[in-house]
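Here's a quick briefing to read alongside the coordinates. Have the viewer open and click along as you go.

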Amino acid sequence: MSFIGRGEERTVEILKKLYPSSRIFQQMPIRDLISNESWKQLGPEHSKHKHDIVVITTEKDIVIEVNYHHGGIAEAKSDVYKAYLNDAGFKFVTIDDHECKFLFQLKDGKHDDSWQDWIDVIYALEKAGVKPQ
């Protein structure tokens, strides 16, 4: 079972516009992204992880974690994944709720799309050193 978290679907919609000629996948297992040797080094808790979004571009492939209400444990795990993903040639990006103004907001249980969503996603990409093609 895959869990699509808050903000993830909207982020995918925005990424499709920022990277129109790229392939975008959701809930991609870490095992499919790193070498078998690297995967074997991960502990059981880390080896089952699925990354929220993977963008396959013509220049640098990107792995994105959309973090809504993730705490210190998720941040520590991200540090582990980031090292392995960087070694595999990916750029690792986190979109954290505490750095977004609107992407994770709900009004009456619903998210109203806004330009601020774009700004939130672009800010996270820029912070990680990623530029749209």
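**Charges and overall build**

The protein chain carries 18 positive and 22 negative side chains, and the centres of those two sets sit 3 Å apart. Keep in mind that this is a predicted model. The tour below starts with the whole chain, moves to the strands and the first helix, and ends with a handful of single residues.

**The chain as a whole**

- You'll find five helices and four strands in the protein chain.
- Walking along the sequence, the order is α-β-α-α-β-β-α-β-α.
- The radius of gyration is 15 Å, close to the 14 Å that the globule rule gives for 133 residues, so the chain is as compact as a globular protein of that length.
- If you want box dimensions, the C-alpha trace spans about 45 × 30 × 25 Å along its principal axes.
- Of the 133 residues in the protein chain, 40% are buried.
- Take the contacts between residues at least 6 apart in sequence: 67% of them join residues at least 24 apart.
- The accessible surface of the protein chain is about 8,000 Å², and carbon and sulfur atoms account for 51% of that.

**Strand β3 and its partners**

- How many of the six residues of strand β3 (residues 62-67) are buried? Six of the six are, so β3 is largely enclosed by the rest of the structure.
- Both faces of β3 are covered: I62, I64 and V66 point one way, V63, E65 and N67 point the other way, and all are buried.
- On one pairing, strand β2 (residues 50-56) and β3 run antiparallel, with three bridges between them.
- A hairpin of five residues makes the link from β2 to β3.
- Within that pair, I53 is the residue standing opposite I64 of β3.
- On the other pairing, β3 and strand β4 (residues 91-96) run parallel and are joined by six bridges.
- Look for E65 here: its bridge partner in β4 is T94.

**Helix α1**

- Which residues of helix α1 (residues 8-18) are buried? They are E8, R10, T11, V12, I14, L15 and L18.
- As a reminder, an α-helix has 3.6 residues a turn, so residues three or four places apart point the same way.
- The cover over the buried residues of α1 includes β1 (23-29), β2, β3, β4 and α5 (115-127).

**Two neighbours in β2: V55 and I56**

- V55 is in strand β2 and is buried, at a relative accessible area of 0%.
- Leaving out residues up to four places away in sequence, V55 touches L15, Y19, S22, R23, I24, D61, I62 and I64.
- L15 is worth picking out from that list: V55 and L15 are 40 residues apart in sequence, yet their C-alpha atoms are 8.2 Å apart.
- I56 also belongs to strand β2.
- With residues up to four places away in sequence set aside, I56 touches S22, R23, F25 and D61.
- For a longer reach along the chain, I56 and V130 are 74 residues apart in sequence and 13 Å apart, C-alpha to C-alpha.

**Positive phi: Q27 and D108**

- For context, most residues other than glycine have a negative phi.
- Q27 is not a glycine, but its phi is positive, at about 55°.
- Q27 sits in strand β1, and at 12% relative accessibility Q27 counts as buried.
- D108 has a positive phi near 55° too, and is likewise a residue other than glycine.
- Buried or exposed, what is D108? D108 is exposed, with a relative accessible area of 77%, and lies in the loop between β4 and α5.

**Y84 in helix α4**

- Y84 is part of helix α4 (residues 72-87).
- The relative accessibility of Y84 is 17%, and the cut-off for buried is under 20%, so Y84 counts as buried.
- What does Y84 touch, not counting residues up to four places away in sequence? The contacts are I34, S38, Q41 and L42.
- Y84 and Q41 are 43 residues apart along the chain, and their C-alpha atoms are separated by 9.9 Å.

How values were computed
Residues are numbered from 1 along each chain as its sequence is written. This is a predicted model: local features need pLDDT of at least 70, side-chain atom pairs count only at pLDDT 80 or more; totals for chains, interfaces and linings use all residues. Side-chain values use heavy atoms; hydrogens and water are left out. The radius of gyration is taken over C-alpha atoms; the globule rule is 2.2 Å times the number of residues to the power 0.38. Buried means under 20% relative accessible area, exposed over 50%, partly exposed in between (1.4 Å probe, protein chains only). Contact means heavy atoms within 4.5 Å. Accessible areas come from the Shrake-Rupley method with a 1.4 Å probe; for residues, only the protein chains shown count as cover. Lys and Arg count as positive and Asp and Glu as negative; His and the chain ends are not counted. The place of a charge is taken as NZ of Lys, CZ of Arg, CG of Asp or CD of Glu. Two strands pair if DSSP finds at least two bridges between them.
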